[in-house]
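Okay, thanks for coming, everyone. Let me put the structure up and then walk you through a few spots.

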Amino acid sequence: MIGQIFNTILLQPFLNALLILYQFLGHNYFLAIAVLTIILRLITQPLMAKQLNSTKRMNDLQPQLKELEKKYGNDKERMAQEQMKLYKENGINPMAGCLPTLLQFPIWIALYQSIIQTLGRSPLQFLALSKHIYSLGIFAGLPLLVPLASKFLWLNLALPDPYYVLPILTGITMWVQQKMMTPPSTGEQANSTQAQMSQSMAVTMPLMFAFITINLASGLALYFVISNLVGIAVQYFMTGWGSLLPKRAAPVAVAVETAAPVQKGTKSGSRKKKR
Amino acid sequence: MGKYAWKGAMALLLLLVAVAVTGCGPQLADGGWSALNADSSSVYVGLNTGKMTALAADNAQVRWTFPAGNDRLANFYNAPALSQNLLIFGASDSTGRINKVYGLDPATGQQRWEFDGVKDTVVGNPLLDNGTVYVTSADHNVYALDTQNGQPRWTFTTENWVWSGVVRDGDRLFFGGMDKSIYALTTGGQQVWRFQTQGAVPGTPAVAGGMVYAGDLSSTLYALNEQTGQQVWQFKASNWFWGQPAVVNGIVYAPSLDNRLYALDAKTGAKVTSFANQGTFTAQGALRADVVYADGTLYVGSEDQKLYALDATTGAPRWTYDAGGPILSTPIIVNGTLYGSTSNGKAFALDAKTGNQRWVYPQPANK
């Protein structure tokens, strides 16, 4: 039931939109993926903006949260109460950062699935595709487009990139985007669990996706690269370079002072400041 | 929450993402639809265990499997071609990247030869014909192989994948191409004519009464003059045509992915209204498999997991068998027994007249 709803309102419109774009963009599947990814990125932009805003505000509260941790570290219940109070006072809903992300998930999964289905090469995949292509009225021409011409430059978009260019690009663009998404932090913030997690994610995620895309159809790798590039552009206009260029982004003297200990991963820097 | 707990949670998240991304990617290799062939002693079926398996026709005991040991094959889409001393089929290795045509001894499963010149999946059924086997591949080619050693006698290249099998009538060969064409070749591999269709042609044409019948992804069934390739009529369904039609007593029975089996006048393409519901029998799922005719009965498998036996004149169901899995491959009838398979890896034998099950493989676990 849920699957059917998902197919009807997300997967099928995206899949057919891809085919329509393919038709109007000179049977160039690369362009079709690029254009649809950009369109969807722009449509979901308000959600992204909300998410970034919420993350930024949460990040700004890190020093106060750290104080609370020092004060009530042993009393978990009180700690939670004080945290909620702090959020309330500052008009922050801790879940507000997650919600836009959750709302975007089905959209990206549907786009991902529609690329997989249109790039299908096996009879079983074609059988699945036959259930999702519109074929009535003005859409009657869409089934005539398959199988799609999936050659682009050196790539067969339905097969993995033989020269690993796209996996490397996926990793690099994802790393840049992750770094930009991480706001420049003060020493206190940088030592927080959240900041450490962000730093760790900024390395692990790109590596993992680069590794995964080695064996994926290059059309999907292409989708990751384009999606990341659009994300980088959007991020730049919203928050600048974030942690990608820390010197320019951290004008406060304290941040510079504490940068070295943070990079070394020691706690002495923050302790010194507290005293 | 401690630092290590966060790291653990993050690792779990990354693992989930990895599984979701890799698990959903386009695959080069799958089990295919377990196509099969049979003679009076054995049933030969490519199962999703990765093995071509010979089962005793009377009790489904495994006689041999190929390849031996831990090796596995994939993409069992084509029904093996079978003669007294040769079983020929195409399959991929477990990654789907290496494709071969195999010639085995049907009695023992020993390999006699292999042809590694195919560069993509073999979907269409190989056709054995007087020392030559015609094999098609998604590498755009049709191959005529010597059955003695598997070496090519000639190759005919099209402009896209070939998923159709080859049909021979007289000195002509016919097949459909995903390059939106129906081809007629000489047995020497020379093109006689090429008919341009609206959509790609995934299924094998049927040839009867001087006509060639084949359907495409534009949901159109074409009837062409066998000699000239000129269109005589066409018929439109509401989803793709894929399975090979059966032509019996001046009627074309054409299965479609719109769940319907159409009965059409072979000469005009008009619906034969005396068949089923105004010329149309409707199943609950897509009809991908070829239609088989024997003794006044049509047999067609459906994605709805059922095998339908229909009276060829009236279209009335004689019996229905629930196979417990989508039936996308074509059943075969030998000595009154119908052998079929499902795409989830089951083979079964039924009494062709009554639909009573004789055996199923693998045996369901005892409850």
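Let me start with a question: is E114(B) buried, partly exposed or exposed? With a relative accessibility of 29%, E114(B) counts as partly exposed. Our cut-offs here: buried is under 20% relative accessible area, exposed is over 50%, and partly exposed is in between, with a 1.4 Å probe and protein chains only.

Before I go on, some housekeeping. This is a predicted model, so local features need pLDDT of at least 70 and side-chain atom pairs count only at pLDDT 80 or more, while totals for chains, interfaces and linings use all residues. Residues are numbered from 1 along each chain as its sequence is written, chains are lettered from A and ligands numbered from 1 in the order in which they are written, and side-chain values use heavy atoms, with hydrogens and water left out.

How confident is the predictor? The complex gets an ipTM of 0.91 and a pTM of 0.83. Chain B has a mean pLDDT of 93, with 92% of its residues at 70 or more; pLDDT is the predictor's confidence in each residue, from 0 to 100.

Back to E114(B). Its partner in a salt bridge is K100(B), with the closest N and O atoms 3.1 Å apart. By salt bridge I mean a side-chain nitrogen of Lys or Arg within 4 Å of a carboxyl oxygen of Asp or Glu. K100(B) sits in strand β8 and E114(B) in strand β9 of chain B, so the pair ties together parts that are 14 residues apart in sequence. Strands, by the way, are DSSP runs of E, at least two residues, and helices are runs of H or I, at least four, numbered from the N terminus.

Over all chains, the search finds 13 salt bridges. One of them joins K131(A) and E303(B), at 2.6 Å between the closest N and O atoms. That one crosses between chains: K131(A) is in the loop between α7 and β1 of chain A, and E303(B) is in the loop between β27 and β28 of chain B. K131(A) counts as partly exposed because its relative accessibility is 43%, and E303(B) is partly exposed too, at 23%.

Then there's D258(B) with R260(B), 3.5 Å from N to O. D258(B) is buried at 10% relative accessible area, whereas R260(B) is partly exposed at 29%. And E159(B), D179(B) and R194(B) are linked in a network of salt bridges.

Now the sheet in chain B. Four strands, in the order β14-β15-β16-β17, make an open antiparallel sheet. Pairing here needs at least two DSSP bridges between two strands. At the edges are β14 and β17, each pairing on one side only.

Which residues of β15(B) are covered on its two faces? On one side R172(B), F174(B) and G176(B) are buried, and on the other L173(B), F175(B) and G177(B) are buried. In general, side chains in a regular strand alternate between the two faces of the sheet.

Looking at its neighbours, β15(B) pairs with β16(B) over 6 bridges, and L173(B) stands opposite L185(B). The hairpin between those two strands has 3 residues in between, with K180(B) at a positive phi of about 60°. On the other side, 3 bridges join β14(B) to β15(B), and V167(B) stands opposite F174(B). That hairpin has 2 residues between the strands, and G170(B) takes a positive phi near 65°.

That's my tour, so over to you.
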